[in-house]
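Biologist: I would like a close look at one part of this model, followed outward to whatever surrounds it. Please keep the account plain.

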Amino acid sequence: MLSYTTENRKVITEGDFLVVKIRIIAHSSEPFQNRSEAGKLLMRELKGVKAQDTVVLGIPRGGIVIAEEISLRLNCVLDVVFSRKIGAPGNPELAIGAIGEEGKACINKKLVNSLGVNSAYIEQEKNAQFSLIKLRALEYREIIPKASLKGKIAIVVDDGAATGATIESALLTMAQESPQKLIAALPVGPPDTIERLSEYADEIICLRAPDSFGAISQFYNEFLQVEDAEVIKILRKEAQRRKSALHVTN
């Protein structure tokens, strides 16, 4: 397998075929207006995807807003994928790992070692975050049942990646469900994180990968916390869409 990198994409040869593994649209640090704008811009890069074969999965909560924009414009199924970060001691926004809905955790050992985080803390945080996932899953799955990914194109979406732990955990979980193709779609993330995440997806699309990266929030003019009520509203709209689609097919 031969690989090479151009300015914006990494291309891999598989037999006689060239497969785009990473698509970075720009290295700009220009901020998005909000998550809705980021979703619309991501959708443009996915417009070749066939709606009937696709499920767009948003990571609650911010990723759901972006996933909804994509699913509405592609006219495909919207779902959720649960993944929660394991924050560093004293700095919960810094992800030293993440845990998914199957209870499996991804831990950044290099970061853990550099910060001197002990195993007892990690275990405690894993249990706490997994408990929150289970509570949220019970609530959300009452509104929309889990969509099957077998043989489908699964697009996993979040509002950005810093260390990439949260979306890595989500990708690992979704890979177990036998999708035909697994795509990670992100508005923004640092180049090294995007490169690393490509190991867990068939394709990764990132709109902006600036070399200087602090927090995800710096790349949005409006980055308000997404409340649970907003997510529930989005899921209820999706439930109605699914119901309407079922009537049409019948």
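Biologist: What should the 23 residues of helix α4 (residues 119-141) span at 1.5 Å a residue, and how far apart are its end C-alpha atoms?

Modeller: This is a predicted model, and every value below is computed from it. At 1.5 Å a residue, the 23 residues of α4 should span 33 Å. The C-alpha atoms at its two ends are 32 Å apart, which agrees with that expectation. At the start of the helix, a side-chain oxygen of Asn-118 comes to within 3.2 Å of the backbone nitrogen of Ala-120.

The buried residues of α4 include polar as well as nonpolar names: Tyr-121, Ile-122, Glu-125, Gln-129, Ile-133, Arg-136, Ala-137, Tyr-140 and Arg-141. Gln-129 is one of them. The relative accessible area of Gln-129 is 12%, and the cut-off for burial is 20%, so Gln-129 counts as buried. The Gln-129 side chain makes a polar contact of 2.5 Å with the side chain of Arg-84. Apart from neighbours within four places in sequence, Gln-129 is in contact with Arg-84, Lys-85 and Ile-99.

Those contacts lead to strand β6 (residues 83-88) and strand β7 (residues 91-100), which pair antiparallel over six bridges. The two strands form a hairpin with two residues between them, and Gly-90 in the turn has a positive phi of about 80°. Ser-83 lies in β6 and stands opposite Gly-100 in β7. Ser-83 has a relative accessible area of 5%, which means that it too is buried. Ile-133, listed above among the buried residues of α4, is one of the residues that Ser-83 touches. Beyond four places in sequence, Ser-83 also touches Ile-59, Ala-98, Ile-99, Gly-100, Thr-166, Ser-169 and Ala-170. With Thr-166 there is a polar contact: the side chain of Ser-83 reaches its backbone oxygen at 2.7 Å.

β7 has a further partner, strand β8 (residues 105-107), to which it is joined by three bridges in the antiparallel sense. Within this pair, Gly-97 has Ile-107 of β8 as its bridge partner. β7 and β8 form a hairpin with four residues between them, and Gly-103 in the turn has a positive phi of about 85°.

Thr-166, Ser-169 and Ala-170 are among the buried residues of helix α5 (residues 165-175). That helix is mostly covered, with nine of its eleven residues buried. Others in the buried set are Ala-165, Ile-167 and Glu-168.

Helix α5 then leads into the parallel strands. β9 pairs in the parallel sense with β10 over five bridges, and Ile-155 has Ile-183 of β10 as its bridge partner. The chain runs from β9 through α5 to β10, and this β-α-β crossover is right-handed. β9 also pairs in the parallel sense with strand β4 (residues 54-58), again over five bridges. There, Val-56 has Ile-155 of β9 as its bridge partner.

Five of the five residues of β9 are buried, so the strand is largely enclosed by the rest of the structure. Ile-153, Ile-155 and Val-157 point one way from β9, while Ala-154 and Val-156 point the other way. In a regular strand, side chains alternate between the two faces of the sheet.

β10 (residues 181-188) runs parallel to β11, joined to it by five bridges, and Ala-185 stands opposite Ile-205 of β11. Together with helix α6 (residues 191-197), β10 and β11 make a right-handed β-α-β unit. Six of the six residues of β11 (residues 203-208) are buried, so this strand is also largely enclosed by the rest of the structure.

The nonpolar packing brings several of these pieces together. The largest nonpolar core has 40 residues, of which Leu-46, Ile-70, Ile-155 and Val-157 touch the most other members. Elements giving two or more residues to this core include α4, β9, β10 and β11. The most comes from α2, with six residues. Leaving aside neighbours within four places in sequence, the contacts of Val-157 include Val-56, Ile-66, Ile-70 and Ala-185. A second, separate core of 24 residues includes Ile-24, Leu-57, Ala-161 and Ala-201.

Technical notes: Residues numbered from 1 in each chain as written. Predicted model: local features only at pLDDT ≥ 70, side-chain atom pairs only at ≥ 80, totals over all residues. Heavy atoms only, no water. Buried < 20%, exposed > 50% of the residue type's maximum accessible area, 1.4 Å probe, protein only. Pairing = 2+ DSSP bridges. Right-handed = clockwise from strand over helix to strand, strands pointing away. Expected span 1.5 Å × (residues − 1). Polar contact = N/O pair within 3.5 Å; in protein donor to acceptor, adjacent residues only side chain to side chain. Core = buried A, V, L, I, M, F, W, Y, C linked by side-chain atoms within 4.5 Å. Contact = heavy atoms within 4.5 Å.
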